[in-house]
Amino acid sequence: MAGPSKSLVLDPAIQKYYELNQNRYKYFRWTPRTAWLSFVYMVAIPGALGFVAYKTDGKYDMRGKRRGDTIAEW
């Protein structure tokens, strides 16, 4: 029959994973790998996207174009 069971057996490995995930900040350590990944995700990628956005700002205009017109303004 469908419905909740009377005895629910929890998997100890999953419970340990949930507990570790809730307390992840307690087990974090700065290593060369974590420092590099933090630099890449917080500085390098946003910086590269900002550079590309700055260099192409106003270069492309998609409004009012017809077939055969170029999208580059300069």
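Which element of the chain has the lowest mean pLDDT, and which the highest? In this predicted model, local features need pLDDT of at least 70 and side-chain atom pairs count only at pLDDT 80 or more, while totals for chains, interfaces and linings use all residues. Residues are numbered from 1 along each chain as its sequence is written, and side-chain values use heavy atoms, with hydrogens and water left out. The lowest mean pLDDT (the predictor's confidence in each residue, from 0 to 100) belongs to helix 2 (residues 24-27), at 90, and the highest to helix 3, at 97. Over the chain the mean is 87, with 89% of residues reaching 70 or more.

The chain contains three helices and zero strands, where helices (H or I, at least four residues) and strands (E, at least two) are DSSP runs numbered from the N terminus. The order of elements from the N terminus is α-α-α. Of the 74 residues, 4% count as buried, that is, under 20% relative accessible area, against over 50% for exposed and in between for partly exposed (1.4 Å probe, protein chains only). About 7700 Å² is exposed by the chain, 60% of it supplied by carbon and sulfur atoms; these areas come from the Shrake-Rupley method with a 1.4 Å probe, and for residues only the protein chains shown count as cover.

Helix 3 invites a closer look. Its 24 residues (residues 32-55) should span 34 Å at 1.5 Å a residue, and the 32 Å between its end C-alpha atoms agrees with this; the expected span is 1.5 Å times one less than the number of residues. A kink of about 40° is centred on Val40, the bend being the angle between axes fitted to the seven residues ending there and the seven starting there. Val40 is also one of the buried residues of helix 3, along with Thr34 and Ser38.

Three aromatic pairs are found in the whole structure. In one, the ring centres of Phe28 and Trp30 lie 5.1 Å apart with planes at 85°, so the pair is edge-to-face. Rings of Phe, Tyr and Trp (its six-membered ring) pair if their centres lie within 6.5 Å, with planes under 30 degrees apart stacked, over 60 edge-to-face and the rest tilted. Phe28 is partly exposed at 44% relative accessible area, whereas Trp30, at 60%, counts as exposed.
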